[in-house]
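Here is a friendly walk through one protein chain, from its core outwards to its loops. Keep the viewer open as you read.

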Amino acid sequence: MTAGPATARAVADTSVLTRKPRQLLLAFFGEFVCDRYFEPLRTSVLLSVLEGAGVAAPAVRTNLDRMVASGMLVRRRLGREIGFELTPHGSEVLREASGRVNGPAPFEPQGEGWTLVTFSLPENLRDLRHRLRAALTWSGFAVLRDGLWIAPGRVDLAAALGAIIPDLPPASVIAFSANELDGFPMADAVRMAWDVETIREAHHEFIAHWEGEDAASGLSPVTARTLLVADWLALLRADPRLPRQYMGDDWPADRSFELFTRRHREFAFPAVRDFAGLVA
């Protein structure tokens, strides 16, 4: 997630319906567990939900192991079975994501102007560099040029990087806000940093799938809601909240938001009832 405009395009080129096991697990824990269910979840429950989404058991177990290694989950012994529960760090990450997942204006910039970030981390901190890039991408940043990252609006960078800041070396990240100057329009810079048409296609892909009556056909309510939220998270990651004046009159973000809100509400009660049955 190579410096330059290719970085932004590489992030946006991924289909929103390419559902990776980790993405599905994060959606599931965010929807049904974080601040809602406070007991360890049996492995069999997680296998049941993700196998319904077409993920094989070995892939689920591998990604659970990775989430334990990354500090998102912790294992608990439940008789003859292993359970998993969120760590404080995992809960913090999911709460931050939930703010945008359930927010009233997920595709609107946070304030006026632009936020710029540049950073330098040594090679021995490669994992930290990856985490930083992932956090910036989730917050709407893309590489403009030569290691300079840009995002629309006034991004709350302290919140966006809250889980990473304690690990960062002093002065390794420099950030500032900026405004467009007369005679130097931002339209070209926007097109340089972001592939706007690919972002548009991501919206159309989400709409085409979830408008269909068969989108949840054959799925349990828990699995259907998990898939919906996973696809929504992927769309939020693809769309950086660019100002509408750069996007054209037919920008589909409002249709995506209305559709997600409607289907999310439609799945709510059946999914909660289904989850209660799984953990009983």
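Contact here means heavy atoms within 4.5 Å. The model is a predicted one, and every value below was computed from it.

**The nonpolar cores**

A good place to begin is Leu41. Which residues does Leu41 touch, leaving aside its neighbours within four places in sequence? Leu41 is in contact with Phe28, Phe29, Val33, Leu46 and Leu78, and also with Ile82, Gly83, Phe84, Phe275 and Val279.

Leu41 belongs to the largest nonpolar core, a set of 71 residues. Leu41, Phe28, Phe29, Trp194 and Phe206 are the members with the most contacts inside this core. Among the contributing elements, helix 10 gives the most, with 12 residues. Another core lies apart from this one and has 16 residues, including Leu121, Ala151, Leu157 and Leu168. As background, nonpolar side chains tend to be buried together in soluble globular proteins.

**Aromatic rings**

Two of the core residues named above, Phe28 and Phe29, also appear in an aromatic cluster, together with Phe32, Tyr37 and Phe275. Phe28, Phe29 and Phe275 are on the contact list of Leu41 as well.

How many aromatic pairs does the structure hold? The count is 12. A pair of aromatic rings is described by the distance of the centres and the angle of the planes, and the table gives both for two of the pairs.

| Pair | Centre to centre | Angle between planes | Geometry |
|---|---|---|---|
| Phe107 and Trp232 | 5.4 Å | 80° | edge-to-face |
| Trp210 and Phe267 | 6.1 Å | 70° | edge-to-face |

The pair of Phe107 and Trp232 links distant parts of the chain, 125 residues apart. Phe107 sits in the loop between helix 5 (88–101) and strand 4 (114–119), while Trp232 is part of helix 10 (residues 221–238). Are these two residues buried or exposed? Both Phe107 and Trp232 are buried.

In the other pair, Trp210 comes from helix 9 (residues 196–211) and Phe267 from helix 11 (residues 253–279), so parts 57 residues apart in sequence are tied together. Trp210 has a relative accessible area of 0% and is buried. Phe267 is buried too, at 8%.

**Asp231 in helix 10**

Next to Trp232 in numbering comes Asp231, also in helix 10. Why does Asp231 count as buried? Its relative accessibility is 0%, and buried means under 20%, so Asp231 qualifies. Not counting residues up to four places away in sequence, Asp231 touches Val16, Leu17, Arg19 and Gln23, along with Phe206, His209 and Trp210. Two of these have come up already: Phe206 in the largest core and Trp210 in the pair with Phe267.

**Helix 6 and its end**

Helix 6 (residues 126–138) has 13 residues and reaches 18 Å from its first C-alpha to its last, close to the 18 Å expected at 1.5 Å a residue. Its buried residues are Leu128, Arg129, Leu132, Ala135, Leu136, Thr137 and Trp138. Trp138 has a charged partner: Arg100 lies over the face of its ring, at 5.8 Å from the ring centre. After helix 6 comes Gly140, with a positive phi near 100°.

**Strand 6 and its partners**

Strand 6 is mostly covered, with four of its five residues buried. Strand 6 runs antiparallel to strand 4, joined by five bridges, and Trp114 has Pro152 in strand 6 as its bridge partner. Strand 6 also runs antiparallel to strand 5, through three bridges. There, Val143 stands opposite Trp149 in strand 6.

**Two loop residues with positive phi**

The hairpin of strand 5 and strand 6 has two residues between the strands, and Asp146 takes a positive phi near 50° in it. Asp146 is in the loop between strand 5 (142–145) and strand 6 (148–152). Buried or exposed, which is Asp146? With a relative accessible area of 75%, Asp146 is exposed.

Ala171 is another residue with a positive phi, about 65°, although it is not a glycine. Its place is in the loop between helix 7 (157–160) and strand 7 (173–178). At a relative accessible area of 70%, Ala171 is exposed.

Terms used
Residues numbered from 1 in each chain as written. Heavy atoms only, no water. Buried < 20%, exposed > 50% of the residue type's maximum accessible area, 1.4 Å probe, protein only. Phe/Tyr/Trp six-rings, centres within 6.5 Å; stacked < 30°, edge-to-face > 60°. Lys NZ or Arg CZ within 6 Å of the ring centre and 35° of its normal. Pairing = 2+ DSSP bridges. Expected span 1.5 Å × (residues − 1). Core = buried A, V, L, I, M, F, W, Y, C linked by side-chain atoms within 4.5 Å.
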